[in-house]
Amino acid sequence: KLSPKQLEALKGNEYVEMDQQKGFGLAKDRHLFVIQVESLQNFVIGKSVNGQEITPNLNKLLEESAYFSNVFQQIGAGTTSDAEWIANTGLYPQGMIPTVNSLNGEEVPSLPRTLQTYGYGSATYHADDVTFWNRDVLYPVLGYDEVYSNEEIPNIKPVGFGPADEVVFDFAAKKLPKQLVKYDRIYANIVTVTSHTPFVMPEEMQHLDLPAEYEDMYIGNYLQSVRYADEQIGAFIEELKDQGLYDTSLIAIFGDHSGMHGSLVTEEDQALIEDFIGHPYTLKDQFTVPLLFTGGNLFNGIQMERLGGQVDIMPTILALLGIEHETPMMGHNLFHYEKNLLGMRYYMPGGSFIQSEQIYKAPGAKLPEVLYDMKSMGTRGKNSETKKHIRDTDTLLNYGDLLLEPYLKD
Ligand code: GP9
């Protein structure tokens, strides 16, 4: 538990206290669509291979979005389910253990629950067995009104875990007219899964004409699957326009975690990535996920380079909707935040942090600690400021644990 002195020190900390002034209520009374995209990393946004954009639909959407291009993943061992937890609670995940394995069933103050009190009906969509990642426990804890998994979503065009993203988006789109009758407003949470490792796509779902050197490469498969996901997001946005919902909705889109990491990324893959991103593929590239907010007549294509984390998604959504949340969240409204005083973001349970000038990887079981310079991504030594950041990270993680405690088994 934190001492009264530590709690006092956290007061006024931008990470803990959300100031909702900037952008507050900009999307008031709008429906909400949150699209959590499997393995979507930021390095593909705006990039082309062989003259073809990897994410043409997202790139186009950016012209009407607020795009945060320096947002870091904050998942722990629960990967996709941790991202669902973070985005819908504004809390950190447990870390070394998937949060979903420890939930005690207690109802958490969540995005669906807070929105419910404002007349929103909520639904979540994911094309897998609902017991995967204990979502049968997670979803009641989060309080969704409707849950759709592979039991309800028709198993057509299966890729990997279940029906392809296009089937899920289509299923969700068909639910909307009835939901509009049932609820004042809709919150739809769509978790895509087709762009999941090993990223191998059926021929007819491969939209990119890649150069020969990408053939059968991990990165080649990744780009094809991301391109496919992009296509389906684009089609869903068009569907929202057709249903007259685009102008009355706030749409948030973000990547859940990296896809290009681990032993499957060969030196050849790495070289190909570096070729089209134009610089060495670093930890920073690995951990950065795109986050954008869009909808009709909301934003004019602004790009925000300020540092952020997935824990900021819920506070930012609520601020845009002009809704107060009664209980603490670890993130804050990204529109308000301009200069991150402590400049750090939790990534790994062991206390690693990301800060505007540096990335610190805390020591693991067999690995030593490493400190990277954010600009050059070369290693550097610790100074007294770094040591303070490490201590502050510890304090913040303890505070995060404290907020999580009521929802975890003993
Ligand atoms: C499975 C899917 C994948 O249901 O969400 O999860 P991941 O392996 O990416 O954590």
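According to its unreviewed UniProt entry, residues 31-323 carry the feature "domain: Sulfatase N-terminal". What you're looking at is a predicted model, so keep that in mind as we walk through it. Within the span 31-323, 35% is helix and 20% is strand, and the C-alpha atoms at its two ends lie 13 Å apart.

**Around the ligand**

Let's start with the ligand and its neighbours. The residues around the ligand are Glu-38, Thr-79, Thr-80, His-126, Asp-128, Phe-132, Trp-133, Arg-135, Phe-161, Val-193, His-196 and His-257. Sort that shell by class and you get 4 nonpolar, 5 polar and 3 charged residues.

Some of these neighbours put a polar side-chain atom close enough to an oxygen atom of the ligand to give a distance. Here are three of them, including Thr-79:

| Residue | Distance from a polar side-chain atom to a ligand oxygen atom |
|---|---|
| Thr-79 | 2.3 Å |
| Trp-133 | 3.0 Å |
| Arg-135 | 2.8 Å |

How much of the ligand does the protein cover? On its own, the ligand has 310 Å² of accessible area, and the protein covers 93% of that.

One member of the shell, Phe-132, sits in the loop between strand S5 (120-126) and helix H6 (135-142). Is Phe-132 buried or partly exposed? Its relative accessibility is 35%, so Phe-132 counts as partly exposed. You can also look for Val-100 from here: Phe-132 and Val-100 are 32 residues apart along the chain, and their C-alpha atoms are separated by 9.9 Å.

**Helix H3**

Two of the ligand's neighbours, Thr-79 and Thr-80, take us to helix H3, which covers residues 79-89. This helix is mostly covered, with 10 of its 11 residues buried. The buried ones are Thr-80, Ser-81, Asp-82, Ala-83, Glu-84, Trp-85, Ile-86, Ala-87, Asn-88 and Thr-89. Right after H3 comes Gly-90, which takes a positive phi of about 70°.

**Strand S4 and its partners**

Now for the strands. Strand S4 (residues 65-72) is mostly covered too: 8 of its 8 residues are buried. Which strand does S4 join through 6 bridges? That's S11 (residues 288-294), and the two run antiparallel. If you want a landmark for this pairing, find Phe-68, which stands opposite Leu-291 in S11.

S4 pairs with strand S12 (residues 302-304) as well, this time in the parallel sense over 3 bridges. Phe-68 turns up here again, standing opposite Met-304 in S12. Then there's strand S13 (residues 308-309), which pairs with S4 in the parallel sense over 2 bridges. For that pairing, look at Phe-72, which stands opposite Gly-309 in S13.

**Strand S10 and its partners**

Follow S11 and you'll reach strand S10, since 4 bridges join S10 to S11, again in an antiparallel arrangement. A handy pair to spot is Ala-252 with its bridge partner in S11, Phe-293.

Why is S10 (residues 249-255) described as largely enclosed by the rest of the structure? Because 7 of its 7 residues are buried. Their side chains split into two sets: Ser-249, Ile-251, Ile-253 and Gly-255 point one way, while Leu-250, Ala-252 and Phe-254 point the other way, and all are buried.

S10 has a parallel partner too. Strand S1 (residues 31-37) pairs with S10 in the parallel sense over 7 bridges. In that pairing, Leu-32 has Leu-250 of S10 as its bridge partner.

**Two buried residues with backbone contacts**

Let's finish with a couple of side chains that reach for the backbone. Thr-288 is in strand S11. With a relative accessible area of 5%, Thr-288 is buried, because buried means under 20%. Its side chain reaches the backbone oxygen of Lys-284 at 2.4 Å.

Asn-333 belongs to a loop, the one between helix H11 (313-321) and strand S14 (345-346). Buried or exposed? Asn-333 is buried, with a relative accessible area of 1%. The side chain of Asn-333 reaches the backbone nitrogen of Phe-335 at 2.9 Å.

Methods. Residues numbered from 1 in each chain as written. Predicted model: local features only at pLDDT ≥ 70, side-chain atom pairs only at ≥ 80, totals over all residues. Heavy atoms only, no water. UniProt positions renumbered as here; feature names shortened; annotations may be inferred. Near = heavy atom within 4 Å. Polar contact = N/O pair within 3.5 Å; in protein donor to acceptor, adjacent residues only side chain to side chain. Areas by Shrake-Rupley, 256 points an atom, 1.4 Å probe, with all protein chains shown as cover. Nonpolar A, V, L, I, M, F, W, Y, C, P; charged D, E, K, R; others polar. Buried < 20%, exposed > 50% of the residue type's maximum accessible area, 1.4 Å probe, protein only. Pairing = 2+ DSSP bridges.
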